[in-house]
Amino acid sequence: MTLWRDRLYANPFGTMAAVAAIVLGILGAVLGDDVSRGMANSLANSADVVAHLWGVAFAVGGALKLIGLYRHRTTMEIPGLWVMFGGYSFYSLTVTTGLQVHGLAAGTISAALAVGCLLKVRLIMRQARWVAGAGGDGTV
Amino acid sequence: MLGPVAMELSEILIAIAQVAVGGGIVQGALAWSRRRSELRQLDRQTDSVAVGAADTVVTMLRTELQDAKVAAEETSKRNAAEQADLRRQIQHLGEEVSRLRADLVIARAEIARLKSDREGELS
């Protein structure tokens with residue numbers, strides 16, 4: 001319980017970005033293009049199928065990120081972050097394209113989260129390279 | 001004039017969006033398949049650091065607990081000694097009081113005797 005809380009307090013934004021991805025992803029997977037007017041507008045005929053697929057991928061990415069973060073498994077966190085990056089940037093671009101000026105608020109927030117995912121990937125990969133480069137056997 | 005251009009731009013943006021989501025999935029799969037050993041090494045290190053830190057904290061707390069126990073024992077011993085000392089003092093004072101009371105009775109009797117003697121001499 002306390003360990004769980006420690007992780008939350010250490011990674012409030014990472015946790016919430018993943019939770020948002022899971023919630024939005026599940027909504028997209030269930031509702032299809034009803035989840036976003038911008039997506040429905042911009043994707044036209046294929047919107048419903050694409051929104052379902054996007055939702056599934058997004059929710060899986062968020063879940064991988066969350067599990068990886070809380071179990072200290074970057075082998076799950078990194079793929080999760082990449083899929084979340086895809087999901088957030090897809091949403092950002094489609095909502096901005098579909099709603100134009102009216103989609104800027106949602107587009108900005110999700111673009112920022114996509115950039116955050118990329119930065120976190122870079123950070124973790126740099127640490128991993130550093131550990132591997134140090135030739136350590138896992139001990140400091 | 002503006003219509004086709006806007007259409008084209010939106011199509012490009014949608015294409016980028018699709019590339020982004022596909023690329024994200026591909027990159028995730030690549031990271032998992034090619035960088036797994038590096039990432040596992042990082043996880044092991046993080047875990048060992050976490051376990052090491054937890055160990056240090058536990059040892060520190062145990063030492064502090066031991067110190068606190070010793071200090072508490074010393075305090076209670078000192079308290080017991082002080083209590084015994086105070087009890088002894090009280091007993092001593094009680095004895096003193098009863099001795100003084102007896103002396104007082106004797107002194108009063110002496111005064112009474114002297115008074116009656118003087119009255120006898122005067123009369």
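# Group meeting: chains A and B

Chain A has six helices and zero strands. Written out along the sequence, chain A reads α-α-α-α-α-α. Before I go on, please keep in mind that this is a predicted model.

I'll stay with chain A for a while. Its C-alpha atoms fit a box of roughly 55 × 30 × 25 Å along the principal axes. Chain A has 140 residues, and 45% of these residues are buried. On contacts, take the pairs in chain A with a separation of 6 or more: 63% of those contacts join residues 24 or more positions apart.

The accessible surface of chain A is about 7200 Å², and carbon and sulfur atoms hold 67% of that area. As for charge, chain A carries 10 positive and 6 negative side chains, with the centres of the two sets 11 Å apart.

Now the annotations. Where does UniProt place the feature "transmembrane region" in chain A? The unreviewed entry gives residues 12–31, 51–69, 76–93 and 99–119. I'll show two of these spans in the model. Residues 76–93 of chain A are 100% helix and 0% strand, and the C-alpha atoms at the ends of this span are 26 Å apart. Residues 99–119 of chain A are 81% helix and 0% strand, with an end-to-end C-alpha distance of 27 Å.

One residue to look at is A:M76. The UniProt span 76–93 of chain A begins at this position, and in the model A:M76 sits in helix α5, which covers residues 74–99 of chain A. Is A:M76 buried, partly exposed or exposed? The relative accessible area of A:M76 is 26%, so this residue counts as partly exposed. Leaving out residues up to four places away in sequence, A:M76 touches A:L64, A:K65, A:I67 and A:G68. Among these contacts, A:I67 and A:G68 fall inside the annotated span 51–69 of chain A. For a position further along the chain, take A:A112: A:M76 and A:A112 are 36 residues apart in sequence, and their C-alpha atoms are 22 Å apart in space.

On to chain B. Chain B has two helices and zero strands. Its radius of gyration is 48 Å, well over the 14 Å that the globule rule gives for 123 residues, so chain B is more spread out than a compact globule. The box around the C-alpha atoms of chain B, along the principal axes, is roughly 155 × 45 × 10 Å. Of the 123 residues in chain B, 11% are buried.

The accessible surface of chain B comes to about 10100 Å², and 62% of it belongs to carbon and sulfur atoms. Chain B has 17 positive and 19 negative side chains, and the centres of these two sets are 4 Å apart.

Which annotations does chain B have? From the unreviewed UniProt entry, I have a "transmembrane region" at residues 12–32 of chain B, and a "coiled-coil region" at residues 83–117 of chain B. In the model, residues 12–32 of chain B are 100% helix and 0% strand, with the end C-alpha atoms 30 Å apart. Residues 83–117 of chain B are also 100% helix and 0% strand, and here the end C-alpha atoms lie 51 Å apart.

To recap the two chains: chain A has six helices and 45% of its residues buried, while chain B has two helices and 11% of its residues buried.

How values were computed: Residues numbered from 1 in each chain as written. Chains lettered and ligands numbered in written order. Predicted model: local features only at pLDDT ≥ 70, side-chain atom pairs only at ≥ 80, totals over all residues. Heavy atoms only, no water. UniProt positions renumbered as here; feature names shortened; annotations may be inferred. Helix = DSSP H or I, 4+ residues; strand = E, 2+ residues; numbered from the N terminus. Rg over C-alpha atoms; globule rule 2.2 N^0.38 Å. Buried < 20%, exposed > 50% of the residue type's maximum accessible area, 1.4 Å probe, protein only. Areas by Shrake-Rupley, 256 points an atom, 1.4 Å probe, with all protein chains shown as cover. Lys, Arg positive; Asp, Glu negative; His and termini not counted. Charge placed at Lys NZ, Arg CZ, Asp CG, Glu CD. Contact = heavy atoms within 4.5 Å.
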